[in-house]
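Hi,

Here is the structure I said I would pass on. Have a look at it first, and my notes follow underneath.

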Amino acid sequence: MIQLHNVSMSYQGDAPALNDITLKIPKGDFVFLTGQSGAGKSTLLKLIYAELSPTRGQVLIDGQNLTRLSRSQIPLLRRNIGVVFQDYKLLPNRTVLENVAITLEVLGWGKRDIGRKVFHMLKQLGIEDKVNATPLKLSGGQQQRVALARALVNDPKILIADEPTGNLDDENKEQILEIFKEANIRGTTVVVATHDRRVITNSHRRVIRLEKGRVIEDGGAAPEHAAIGEDGYEQ
Amino acid sequence: MSNKAKHAVRPKLEQEGFFGRFSYFSSRALANLRQNTFVSVVTVGTIALALLIASLFLLVYVNLDHMAQGWSDKVQVTVYFDKEPAPLAVTALKGRIMNIPGASKVVFVSQQEAEKRLRARLKGQESLLEGVTADVLPASMEISLDRSNRDTAQVASFVSALKKIDGIGEVQYGEEWVKRFNSFMNLFRLMGMLLGSFLAVTVLFIVSNTIKLTIYARKDELEVLGLVGATRFFIKAPFLIEGILQGALGAVLSVVALLVCYYTFLKNAGNFLGVNPASAGLSFLPPAHLAGILLGGVLLGFIGSATSLRRFVNV
């Protein structure tokens, strides 16, 4: 369970990125976080994986108050959270196998187990033939899958994705969303930040809409009649 | 598979225990060196060049110091006698002189011996010595001092102790020369230390900044490791081992380059410069200094990496 109580977050000298946010995301939920650029989506995600600390309020994951975590406890928290970054954050000089293996190496897994598990994961995502390729030789969709494999390979309790479909074509978007759904079915809580309304409307999941750092809507899938531009993105 | 069961299945950990972790970190460090070839070559090259400059300085300094030590052998105290003492008296005097702290060798030069030396020195100009007999030349005792007892004050106190012995006549020891020689040695050592420290600071600065840049180039890797839940130690350990390996490799390369420089240019530089005609040329650094260079390389790599990592690891 992810809980935010009266959370505010300001970057130094700027207007608050998040303003008095209170919300609960139960275990096993699948939530879309939406809103225009600068609404505070990425900031909220960063609070969940303890990249940032709120200037006010409390963030709790499974009852654990993140604002009271010591520096040495943060790695243990992050081992239960898989994160897919907007820019993927793949290491260009390491192979796909090595990029995904990082998550398991950190946990202390043995080489053989890592190889087996990573290959299985890549196979599920349909990129097992790229196991020895380096990320720069892959297409955007393939890189996205590698990032997803790295986030999911240790079966995290929570999966966080920041604009995971931003650079993908429709076919790839569908497939990536399908992977999120499968992870969710296996019990992982999924939080996806996106401003791609088409993705949200097709999914029929809970949508939390942010505007200027506040929650302005929290409910079912966005209605079809929401203002969507030609490109499918929120206006 | 249920979620609960799935989370429960965890393979046996391989990194448990000191050796398990160490072997993982070492293999990671080696893989990093391989995967970041350019950056590694730059770092190793910088360390090697920096240490080469420092060790060239050390080589020259050690040789000059050694040479100067050789000159100090000329610090000698000579006692002249008005009348040549009897052999028994010579033995007794020798014993008493050797009892003065600082004396290392006493040689008695009889009048005969003095004449022989003079003739040898004036070879080819014997005519100058016509009419000169051994009686004209005084007998003497040449006293050498320990290396640790050759500074101006020590020589002076030795001479005053010497003068207290009965039967000792005129004492000469080139007071001015000893003074000048010792002030030269002090200046030489001070300059050496100043230049050495300046060089050490420069080496430290260049190497630590190079390492900082190479770690900065890989800050994404540090960030990703932190985001997937690696502890600070887990992130840093391979980088530190990498730093040690790069430092050691740089030091070995600098010693190899020094050897090449030595055999190509420096070995006979003594003759060329005419500074030390007694020996064939400069000698190579002793093993203790070479071990020091290796240790210096390792420390440079380790400390350079450790200080840079402090800035870039935020976990």
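To start with a strand: which residues of β3(B) lie on one side and which on the other, and are they buried or exposed? On one side sit B:Ala139, B:Met141, B:Ile143 and B:Leu145, on the other B:Ser140, B:Glu142 and B:Ser144, and all are buried, so that both faces of the strand are covered. Before going further, please keep in mind that this is a predicted model.

**The strand in chain B**

β3(B) is mostly covered, with seven of its seven residues buried. The strand has partners in β1 and β2 of chain B. With β1 (residues 76–81) of chain B, the pairing is antiparallel and runs over six bridges. With β2 (residues 103–109) of chain B, six bridges again make the link, and the two strands run antiparallel. If you want a landmark in each pair, B:Tyr80 stands opposite B:Ser140, while B:Phe108 has B:Met141 as its bridge partner.

B:Ser140 is a good residue to zoom in on. This serine belongs to strand β3 of chain B, which covers residues 139–145. Why does B:Ser140 count as buried? Its relative accessibility is 5%, and the cut-off for buried is under 20%. Setting aside neighbours within four places in sequence, B:Ser140 touches B:Thr78, B:Val79, B:Tyr80 and B:Phe81, and also B:Val107, B:Phe108 and B:Val109.

**Domains**

Both chains come with a domain assignment. In chain B, domain 1 takes in 18–70 + 182–312 and domain 2 takes in 76–172. Their centres, taken over C-alpha atoms, are 51 Å apart. In chain A, domain 1 is 1–80 + 159–222 and domain 2 is 81–155. There the centres, again over C-alpha atoms, are separated by 22 Å. How many residues of the two domains of chain A are in contact? On the domain 1 side there are 22, and on the domain 2 side 19.

**Strands in chain A**

β8(A), residues 189–193, is another mostly covered strand, with five of its five residues buried. Here too both faces are covered: A:Thr189, A:Val191 and A:Ala193 are buried on one side, A:Val190 and A:Val192 on the other. The pairing this time is parallel. β3(A), residues 30–34, is joined to β8(A) by four bridges and runs parallel to it, and β7(A), residues 158–162, pairs with β8(A) in the parallel sense over five. A:Ala193 is worth clicking on, as this alanine is the bridge partner of A:Leu33 and also has A:Asp162 standing opposite.

Chain A also has an open sheet of four strands with antiparallel pairing, in the order β2-β1-β4-β5. Its edge strands are β2 (18–25) and β5 (64–65), each pairing on one side only. β1(A), residues 2–9, and β2(A) are paired antiparallel over five bridges, with A:Ile2 opposite A:Ile25.

**Cavities**

How many cavities of 30 Å³ or more does a search of the whole structure find? There are four. The largest holds about 80 Å³ of space. From chain A its lining takes A:Arg78, A:Ile81, A:Gly82, A:Val83, A:Phe85, A:Thr103, A:Arg150, A:Ala151 and A:Asn154, and from chain B it takes B:Leu227 and B:Val228. Two elements of chain A, β6 (81–84) and α5 (140–152), each give two or more residues to this lining, and β6(A) gives the most, with three. By class, the lining has six nonpolar, three polar and two charged residues.

The second largest cavity holds about 70 Å³. Its lining is made up of B:Val39, B:Ile211, B:Thr214, B:Ile215, B:Arg218, B:Phe239, B:Glu242, B:Gly243, B:Gln246 and B:Ser305. Here the elements giving two or more residues are α7 (175–217) and α9 (232–266) of chain B. α9(B) has the largest share, with four residues. Sorted by class, this lining has four nonpolar, four polar and two charged residues.

That is it from my side.

Cheers

How values were computed: Residues numbered from 1 in each chain as written. Chains lettered and ligands numbered in written order. Predicted model: local features only at pLDDT ≥ 70, side-chain atom pairs only at ≥ 80, totals over all residues. Heavy atoms only, no water. Domains from an automatic or database assignment. 1 Å grid on protein atoms, 1.4 Å probe; cavity = no way out; pocket = protein on both sides within 12 Å on 5 of 7 lines; lining within 4 Å. Points joined across faces, edges and corners; volume = space filled by probe spheres on them. Nonpolar A, V, L, I, M, F, W, Y, C, P; charged D, E, K, R; others polar. Buried < 20%, exposed > 50% of the residue type's maximum accessible area, 1.4 Å probe, protein only. Contact = heavy atoms within 4.5 Å. Pairing = 2+ DSSP bridges.
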